[in-house]
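Me: Please take me through this structure and give the grounds for each term that you apply to it.

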Number of protein chains: 2
Amino acid sequence: MSRLLRINTKDKTFAFSDMGPYSGMGGRALTSRIVSREVPPTCHPLGAKNKLVIATGMITGRPAGSSGRLSVGAKSPLTGGIKESNVGGSFAQRLARLDLMGIVLENQPAYGSAPCYIVLGKDGVTFEDASDMQYLGTYDTVKRLMDKYGEKSSVLCIGPAGETLRQNASIQVADPEGRPARAAGRGGMGAVLGSKAIKAIVIVETGEAPPIVDKEAFKAASKRWVEIIKGHPVTAEGLPGFGTAVLVNVINEAGALPTKNFREGRFEFAKDISGERMVEIIKERGGKVKEGCHAGCIIQCSQAYHGPDGKYLTSGFEYETIWGFGANLLVKDYDQMAMLDRLCDDLGLDTIETANTMAMLMEAGVLNWGDGAAAIEALKQVYDPKNPMGRIIGGGAEYTAKAYGVTRVPTVKGQSLPAYDPRAVKGVGVTYCTTPQGADHTAGYSVCQNILGVGGKVDPLDKAGQVELSKALQIATAAIDATGFCLFVAFPVLDTADGVQCMCDMITAASGSPFHPEDFLKLGRTILQDEFAFNQAAGFTSAHDQLPEFFEEPLAPHNVTWDFTAAEMQAVKAM
Amino acid sequence: MSRLLRINTKDKTFAFSDMGPYSGMGGRALTSRIVSREVPPTCHPLGAKNKLVIATGMITGRPAGSSGRLSVGAKSPLTGGIKESNVGGSFAQRLARLDLMGIVLENQPAYGSAPCYIVLGKDGVTFEDASDMQYLGTYDTVKRLMDKYGEKSSVLCIGPAGETLRQNASIQVADPEGRPARAAGRGGMGAVLGSKAIKAIVIVETGEAPPIVDKEAFKAASKRWVEIIKGHPVTAEGLPGFGTAVLVNVINEAGALPTKNFREGRFEFAKDISGERMVEIIKERGGKVKEGCHAGCIIQCSQAYHGPDGKYLTSGFEYETIWGFGANLLVKDYDQMAMLDRLCDDLGLDTIETANTMAMLMEAGVLNWGDGAAAIEALKQVYDPKNPMGRIIGGGAEYTAKAYGVTRVPTVKGQSLPAYDPRAVKGVGVTYCTTPQGADHTAGYSVCQNILGVGGKVDPLDKAGQVELSKALQIATAAIDATGFCLFVAFPVLDTADGVQCMCDMITAASGSPFHPEDFLKLGRTILQDEFAFNQAAGFTSAHDQLPEFFEEPLAPHNVTWDFTAAEMQAVKAM
């Protein structure tokens, strides 16, 4: 009997309850259902009526490979729409071990109240003064809390960006090594936590593994699951071998690596920022090429990237981050990119949004193209709550563009485009435009079929089939985000006949309630229906389902333009 | 045969044309029709596809009392919707005397291009380098241009705010004294001009009075017109006697003077900021109590306010400005309010938006409540294009609130509320919510019937009748804004049986085409239809037709709340 924990951040009270109308829901299904039912769509995202929902997946906590993902949901201060931000780290599994499906943070203390942190155990929470950690970076925050509560404690927290209520603030989650390098990055979830004056949540009890109703069936399915994941080149070789940065060369080759704020599709120095090059550096300096972001990960796409001094600098150093601080800014120095990643994690900022923010400063002439050192200095200003430039940068790309009247702003619904040029990967362009989440590749990763040849092939440069492709992937992704499985399991699942069935078998065996592939698809559709309905009530229309006008420009080397109208993509929303 | 002048600001070319499909249109009818037909609703407001339309009124240039108003229209960078900003000064009449109904500024040079100014005569324009006036205040800009082109030249220009593309930038128009104290303030029209790298437009020829087809009829009607205007207490006594600041005591008495960012309906020191007090100061210092903003004004609500040194400081010093920098910030020093007004005019910023911006800085604790001196220093930062705080402030109230995560933000569609608390003047609240212009009292000034007893009486605290009242006023206002008459003629017109007929008689006599009161109302409806249609295509829905949630709080002294739903107000849009 899993539970919900509701915390009133104004009164500093809490209550456990059964799941009630949310019974059976986990992850994104739970966050989006609670937000769509309980948060007024037109409320201020940083006001008392917004709620931050932190949910573990349906299967999380059981020994199912790569199932330790956490969903964080709220009305987004970045997009103004509904948001689910998905993150690894150890928190999700630990939540499940407290017999909790989710935490709902409600209400808020007065603006400017001193921060506190929440200590969470099986029987309740205490609220502790966090004044001495105000505006502290997330690395030091996690260290202090783990020093105090022990190395088995599990922490999520915000940095200065969340505390200063920046629209681009992330929530950082510590990985098994105690490093807050895992980010619920997109959509400003850290500002929502900051608006409730909560600096961190620490789980201090290890709890008990959640029950598995049919242990035999679970064991059989999870064994097959490992075979599936370990049998696919992407999850068995590409990701553990090079991290997600394996994509740099692939996407560059495809002519879809956005360069100099989406002006070109190939970067002259792509090799210098490739995954292959990262592995060389890591090996030279004694870092680690592969690591999991949570216990039981059987993909291991993370790493420990060490600086020139041979000391740990960052991890969870993703392709999208490397693209954003690299090709998109014309930077080719790996250590500069790594430092920008580290700063984002420490400040509590989304790297994709921050990288695009730096591009806006370069468009405006505030920074010079290619000047990674200046970008590092600019970003450090976010540490100082009194620094107006730090306030601007923390607001994200669209906010920063507005400060300087820059019009070449690659956003949809206020959220920055990630590392795939939509003109040359049209399927992911449809996802950017139509997902309720704002521009987001993970919401429907058509790169699989457009570029990687995973799950079939759809010509990336042709409009044909992209809407149907994006829709199918958005449904499947929403469902995966509810289960607690890492989205990367989709690579093998898409190429394996019994992939979805195997996931369903594990869920069925764990819960004792039959869960079939058709239930999986229904789950995905239901989540999207909740999200589209919320956004519609919040004031979104098809006018918001389009790329900025500069994508009419042809993109080299394929000289392709963005040629979808919003109307042509509306079929995505018919569930 | 009036003409349009189209200027391509990228190529530095121009072309005159006849009115074509816009024949017979003037003022807001012309700006809103051109914008709604020629500007893509989802385009970037500071991009090449937006157009800035500057239009004179249907009757402007003829000897019809108080008919010298100018309309400036575009897609607004502040609201994202259509905008018409209405302004006095000498430009509108001079435009009419060049046989021009409007100027359409199209396209744009590259971001960061050096500014130029446009010299306009009857036969064409020249483009002159304005590099030496870059970031110059509007007072010095006008002085330089009038020194160069003579005291009969007529200037509109932008200040540093427009040049730095701030969303709250105004276009300032020189009055007959050569003072740029008249503002097309609302909606960021100055940023649109700045995005086209145009610092100023100077009309250097006096031209010829536009024709009047039936001179006898015109003379008779315009004589009656003077009687009507001079026969009403508001236009004959209140406005010329005290300026619009006559309202301070009236609105305070009504419990509708927003105090400390809309926390109270009365200000303890209302007398200190009243129109009566302003007149005392003006008389003490040898200023002028009444002035017209354009030749032929028969109301004369402006003034010359001198500083403690006895020298001219500001004019066009409106009630809304005094409220905003006074009661709303808890400031009671007239000279501080006057300096803030002067700075806004000189920087090229809307005073209502700037006053609310200062309130946001006080909410955030960046400034202290009541500290007018600090507000002055904060505002001066907008002069420096490299100052990030100046960039934030120039973005307006909502932008500044976002920099600090302030949620008590009194805006509708991104534009700040003016000087009438909507809870205690519910009719104007309906206007704030439903006008396509964003929160704007002038779009449907229900204060007349709610408070002043002009044009009838409708209880300001009761919901009954407010939607119908606002709708009727929005229609009439749109029509007046097309004629070129000052909106203040509405006071006597609403109370005079033949008021509208008399306006129509002048228009009929001037043009030779019959224009009846039913045409007047049809004109207003047509304008609103254009504007609502543009906004709908730009992505606005009824979700955008509501006040921020904090207006649920009761307002002293009447303890009234805002109790309209967006749905209840949609009838306004049915034309």
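**Sheet, helix pair and two-fold**

Reply: In chain B, strand S9 (residues 154-157) and strand S12 (residues 198-203) run antiparallel and are joined by 4 bridges. This is a predicted model, in which local features need pLDDT of at least 70 and side-chain atom pairs count only at pLDDT 80 or more, while totals for chains, interfaces and linings use all residues. Residues are numbered from 1 along each chain as its sequence is written, and chains are lettered from A and ligands numbered from 1 in the order in which they are written.

Me: What makes S9(B) and S12(B) a pair of strands?

Reply: Two strands pair if DSSP finds at least two bridges between them, and S9(B) and S12(B) have 4 bridges. Ser154(B), for its part, stands opposite Ile203(B) in S12(B). Strands here are DSSP runs of E with at least two residues, helices are runs of H or I with at least four, and both are numbered from the N terminus.

Me: Why are S8 and S11 of chain B called edge strands?

Reply: The open sheet has 6 strands in the order S8-S7-S12-S9-S10-S11 (chain B), with mixed pairing, and strand S8 (124-129) and strand S11 (182-184) each pair on one side only. The twist from one strand to the next averages 20 degrees.

Me: Why is H1(B) called roughly parallel to H21(B)?

Reply: Helix H1 (residues 27-38) and helix H21 (residues 517-538) of chain B pack at an angle of about 30 degrees, with their axes 9 Å apart. That makes H1(B) roughly parallel to H21(B), a term for angles under 35 degrees (over 145 is roughly antiparallel, 65 to 115 roughly perpendicular and the rest oblique). Axes are lines fitted to C-alpha atoms, for helices over the stretch in contact, and angles run from 0 to 180 degrees between N-to-C directions.

Me: How do you know that the two chains are related by a two-fold axis?

Reply: Chain A can be laid on chain B with an RMSD of 0.0 Å by a turn of 180 degrees and a shift of 0.0 Å along the axis, which is the relation of a two-fold axis. The superposition is by least squares on the C-alpha atoms of residues with pLDDT of at least 70 in both copies. In chain A, the C-alpha nearest the axis belongs to Pro388(A), 2.8 Å from it.

Me: What makes it right to say that the copies meet through the same surface?

Reply: The contact takes 36 residues from chain A and 36 residues from chain B, where contact requires C-beta atoms, placed from the backbone, to lie within 7 Å. Because 100% of the interface residues of chain A are also interface residues in chain B, the copies meet through the same surface.

How values were computed. Two residues are in contact if their C-beta atoms, placed from the backbone, lie within 7 Å.
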